[in-house]
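Open the model in your viewer and keep the selection box handy. We will go from one stop to the next, and at each one I will say what to select and what to look for.

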Amino acid sequence: MNTNGRLRQTQIYLEGLAGKKPLVPIDPDRLERHAERVMSPEAFAYIAGGAGMESTMAANRRAFERWRIVPRMLNDVSKRDQSIELFGMRLPSPLLLAPIGVLEMAHPDADLAVGKAAAAEHIPMIFSNQASKPMEAVSAVMGDSPRWFQLYWSESNDLVRSFVKRAEACGCSAIVVTLDTTLLGWRGRDLDMGSLPFLRGKGIAQYTSDPVFRAQLAQPLDAPAAKRSVSLASIGVLIDLLRAYPGDPLANLRSGEPLRAVARFVATYSRPSLTWDDLAFLRQNTKLPILLKGILHPDDARKALDHRIDGVIVSNHGGRQVDGAIGALDALPGVVAAVAGKIPVVFDSGIRGGADIFKALALGARAVSIGRPYAYGLAIAGAAGVQDVIRNIRADFDLTMGLAGCTRIVDITADRLVGEPHPPPHSP
Ligand code: FNR
């Protein structure tokens with residue numbers, strides 16, 4: 001693991017002399033296009049898509065474009081240190097891997113490949129509640145590399161407690177509660193294909209490996225499953241489900257457990273009635289730092305402080321939840337001001353290159369998470385692809401930092417940026 005961008009750059013150019021091209025495209029748009037070519041249309045739609053007209057995804061990028069870096073000269077930038085401290089842990093760079101569910105859509109090794117890449121680069125991986133592999137299996141390939149667990153608050157507090165206890169046993173050093181997905185956003189690309197991976201048993205591995213969830217399978221659901229007519233397509237779905245579900249497919253077909261598991265998952269995976277008061281339950285059940293993901297309003301950041309939360313993640317879920325929402329970077333300064341340095345602010349949504357990391361840190365983020373780019377690296381080349389995406393973005397950040405005249409993270413302050421004025425609303 002090396003954060004020196006110059007070394008990475010030299011290595012790529014030298015390999016180029018030997019006729020070898022980078023494993024994954026460097027440019028984020030080409031990375032996405034290449035990933036699209038190797039994925040099924042359903043998988044690409046699920047990963048690339050956003051809510052509604054995808055205007056929040058566009059706003060995320062626009063928000064970065066409105067800030068420009070003002071490089072400073074003659075500062076001796078021969079040595080650069082991008083390490084940070086977060087919750088008492090020294091990290092080699094201000095970079096984490098955002099929780100991404102259903103990674104089996106990108107690659108069969110899914111979370112296992114991402115765990116290996118994260119460990120090789122010593123980047124914290126945030127395990128998704130909707131992972132394709134159980135957290136125990138991913139932890140087993142990560143050695144002592146840092147990991148956090150992301151929670152979707154289920155209708156069942158017993159299940160919430162069980163997930164958190166398992167995360168602790170797996171060596172997770174923080175719990176991230178995602179608040180912006182108590183309901184699933186209106187995602188046009190998936191709706192157009194009638195495709196939701198969970199209904200095919202994908203992305204529910206944390207549940208099917210959980211003792212509390214498995215015990216709940218024996219109990220009847222309040223609402224009986226709707227009767228469905230049998231068609232060729234529905235037989236295909238059943239086959240998909242039996243393939244994705246752990247255990248012997250024939251025994252599973254006989255017992256009907258996979259269908260019951262999907263029905264129970266759908267009925268219980270999230271709790272739209274969740275309120276601030278519920279957070280006390282989590283506080284009682286873990287000593288780990290708790291972060292709230294999806295904070296966009298300064299008042300919610302202040303409420304997080306009132307509820308003794310340990311960190312917030314400014315994020316709009318990569319534009320997948322509320323169409324027409326504020327660009328995440330536009331929300332960052334307000335949240336940073338509201339928490340006034342009392343707890344760390346992590347940022348995600350729209351990070352594609354080193355300059356984006358620089359801008360988010362300059363506006364007060366302690367660290368950033370990347371989402372889709374590493375899923376694309378996974379689709380293209382498994383663990384090696386994820387590792388290359390991490391190395392590239394970190395090298396880009398290192399060089400941006402040095403070229404802007406900064407040698408340490410503390411040098412990256414708001415006065416390194418200028419804001420471009422917003423265009424008037426009705427300009428031609
Ligand atoms: C996500 N994200 C997400 N967030 C979360 O808290 N739990 C999850 O299971 C998922 N799953 C997920 C799947 C896919 C396919 C994507 C693209 C995203 C949101 C993720 O953690 C992060 O907020 C965004 O991906 C950040 O935006 P960018 O970097 O993708 O623009």
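Contact, on this tour, means heavy atoms within 4.5 Å. This is a predicted model, in which local features need pLDDT of at least 70, side-chain atom pairs count only at pLDDT 80 or more, and totals for chains, interfaces and linings use all residues. Residues are numbered from 1 along each chain as its sequence is written, and side-chain values use heavy atoms, with hydrogens and water left out.

**A single leucine**

Select Leu238, which sits in helix α11 (residues 232-244). Helices (H or I, at least four residues) and strands (E, at least two) are DSSP runs, numbered from the N terminus. Leaving aside neighbours within four places in sequence, Leu238 is in contact with Leu253 and Leu259. Is Leu238 buried or exposed? Leu238 is partly exposed, at a relative accessible area of 28%; buried means under 20%, exposed over 50%, and partly exposed in between (1.4 Å probe, protein chains only).

**Three parallel strands**

Now select strand β9 (residues 311-314). Gly311 and Ile313 point one way and Val312 and Val314 the other, and all are buried. In a regular strand the side chains alternate between the two faces of the sheet.

Add strand β8 (residues 290-295), which pairs with β9 in the parallel sense over four bridges; strands pair if DSSP finds at least two bridges between them. Look for Lys293, whose bridge partner in β9 is Ile313. Then bring in strand β10 (residues 345-347), parallel to β9 and joined to it by three bridges. Here Val314 has Phe347 of β10 as its bridge partner.

Show the connecting helices too. With helix α15 (residues 298-306), β8 and β9 make a right-handed β-α-β unit, and β9, helix α16 (residues 328-339) and β10 make a right-handed one as well. Right-handed means that, with the strands pointing away from the viewer, the path from the first strand over the helix to the second runs clockwise.

**A covered helix**

Move on to helix α17 (residues 354-362), where eight of the nine residues are buried. Among them are Asp356, Phe358 and Lys359. Just after α17, Gly364 has a positive phi of about 115°.

**Two crossing helices**

Finally, select helix α2 (residues 28-38) and helix α18 (residues 372-403), whose axes come within 8 Å and cross at roughly 100°. That makes α2 roughly perpendicular to α18, a term for angles of 65 to 115 degrees. Contact residues include Leu31 and His34 of α2 and Tyr376 and Ile380 of α18.

Technical notes. Axes are lines fitted to C-alpha atoms, for helices over the stretch in contact, and angles run from 0 to 180 degrees between N-to-C directions. Angles under 35 degrees count as roughly parallel, over 145 as roughly antiparallel, 65 to 115 as roughly perpendicular and the rest as oblique.
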